Amino acid sequence: DAAKQRQCGSLIYHAQLDVGSQESLSLLSELRQAIAAGELRLYLQPKVDLRARKIVGAEALVRWQHPTRGLVPPMQFIPFAEQTGFVRQLTAWVLAQTAAFSRQALDAGLSLRLSVNLSTRDLLDQDLPAKIEALLTPLGVAPQTLCLEITESAIMDDPERALSTLEHLSAQGFKLSIDDFGTGYSSLAYLKRLPVDELKIDKSFVLAMERDLDDARIVRSTVELAHNLGLSVVAEGVETARAWNLLAALGCNEGQGYFLAKPMPADQFLDWAKAWAPPSQLEESGES
Ligand code: C2E
Ligand code: MG
Ligand code: MG
Ligand code: MG
């Protein structure tokens, strides 16, 4: 990991660059050029209905195909993009690519729910609901097929404004999901007020639940909490057949993780989905 950090230039990609510093300015102009030069890549990671064993959607995850640094993971430029406000342009790019992919999937006879990650800055953008609608409507993509993932901390940054944006998004029919649930500092009082449809259990709990009883209990309680609030629940970080079986037994609705597939370039997704069959290591769920 340390080697990878060096290879990507730990200095420029360090999350806490001084905004306004020389390094920060040059990274910002590099990022601007990255969009113009077509260096950003849309990756998709599939989501499965754990009981029905069907591919139901995918999460859009961005990467930067850098001319000299190779494929740069999002954690090495998203925090910086958030700090500088550039993330709004990045989000617009991801949304446009995802909408186009959604149209392509529909044309191929596949109805998928696609999730896009929003940042704090996106939630403060009062025009976001209208911007997304303007992207989807000409393509004939229904708002219900787009899910927006928001972390608790993004909401708690400015809860009132975030709530207002979320209410608008929800009123327009977009699905909303709380990402990395359990790692932020939102209160249940806020959760109750949010017009969300889904909780996404953070992968730290899912990865640890097979060996740590407390993590297993957190996962179970989160599934119960979600269902008691009438929400759907997704587990990220499903890396083994055992985790899948356990989550299915707990009633967790959907799963996403390396056991199913790693994020892949969007243009490979449809072929992958068509060829997919439920793995043989899964236990009988009693449903089909
Ligand atoms: P996230 O939204 O929580 O996305 C899930 C991350 O977990 C992805 O990392 C995914 O590759 C990884 N993951 C999924 N399944 C497994 C698994 O079984 N095991 C392990 N170890 N990891 C798994 P990725 O793609 O590196 O993205 C990291 C974060 O970067 C995302 O976390 C999200 O917060 C941010 N991000 C990615 N794309 C975007 C974007 O387009 N916009 C914004 N605002 N943030 C993005
Ligand atoms: Mg996410
Ligand atoms: Mg997540
Ligand atoms: Mg996460």
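Donors, for a metal site, are N, O and S atoms within 2.8 Å of the metal, and water is not among the atoms, so a site may look incomplete. With that in mind, the magnesium ion (ligand 3) in this predicted model has donors that follow the spacing D-D-x55-E along the chain. Put names to those letters and they turn out to be Asp179 (OD), Asp180 (OD) and Glu236 (OE), which lie 2.0 to 2.3 Å from the ion. The two Asp residues differ in how far they are covered. Asp179 is buried, since its relative accessible area is 6% and the cut-off for buried is under 20%. Asp180, at 22% relative accessibility, counts as partly exposed.

There is a second ion to look at. The magnesium ion (ligand 2) sits 3.8 Å from the magnesium ion (ligand 3), and Asp179 coordinates both. So which residues hold the magnesium ion (ligand 2)? Its coordinating residues are Glu59 (OE), Asn117 (OD1), Glu149 (OE) and Asp179 (OD), at 2.0 to 2.2 Å. Read along the sequence, these donors are spaced E-x57-N-x31-E-x29-D. Glu59 belongs to strand β2 (residues 54–66) and Glu149 to strand β5 (residues 146–151), so this pair ties together parts that are 90 residues apart in sequence. Both Glu59 and Glu149 are buried.

Next comes ligand 1. It is surrounded by 20 residues, and the closest are Arg63, Asn117, Asp179, Glu239 and Tyr258. Two of these names have already come up, as Asn117 and Asp179 also coordinate the magnesium ion (ligand 2). Several polar atoms of the protein lie by oxygen atoms of ligand 1. For Tyr258 it is a backbone N or O atom, 2.8 Å from an oxygen atom of the ligand. Lys203 brings a polar side-chain atom to 3.0 Å from a ligand oxygen, and Glu236 has one at 3.3 Å. Glu236 is also a donor of the magnesium ion (ligand 3). How much of ligand 1 does the protein cover? On its own the ligand has 800 Å² of accessible area, and the protein covers 87% of that.

Tyr258 has something else going on, because the charge of a Lys counts as sitting over a ring if its NZ is within 6 Å of the ring centre and within 35 degrees of the ring normal. Lys262 lies over the face of Tyr258, at 4.8 Å from the ring centre. Arg63, one of the closest residues to ligand 1, does likewise with another tyrosine: it lies over the face of Tyr43, 5.2 Å from the ring centre.

Rings also meet other rings. Searching the whole structure turns up five aromatic pairs. One of them joins Phe101 and Phe269, whose ring centres are 5.8 Å apart and whose planes stand at 90°, so the pair is edge-to-face. Phe101 is part of helix α4 (residues 87–107) and Phe269 of helix α13 (residues 266–275), so the contact ties together parts that are 168 residues apart in sequence. Phe101 and Phe269 are both buried. Trp272 and Trp276 make another pair: their ring centres lie 6.4 Å apart with planes at 35°, so this pair is tilted. Trp276 has 18% relative accessibility and therefore counts as buried. Taken together, Phe101, Phe269, Trp272 and Trp276 are linked by ring pairs into a cluster.

Definitions and conventions: Residues numbered from 1 in each chain as written. Chains lettered and ligands numbered in written order. Predicted model: local features only at pLDDT ≥ 70, side-chain atom pairs only at ≥ 80, totals over all residues. Heavy atoms only, no water. Donors = N, O, S within 2.8 Å, 3.2 Å for Na, K, Ca; no water. Helix = DSSP H or I, 4+ residues; strand = E, 2+ residues; numbered from the N terminus. Buried < 20%, exposed > 50% of the residue type's maximum accessible area, 1.4 Å probe, protein only. Phe/Tyr/Trp six-rings, centres within 6.5 Å; stacked < 30°, edge-to-face > 60°. Near = heavy atom within 4 Å. Polar contact = N/O pair within 3.5 Å; in protein donor to acceptor, adjacent residues only side chain to side chain. Areas by Shrake-Rupley, 256 points an atom, 1.4 Å probe, with all protein chains shown as cover.
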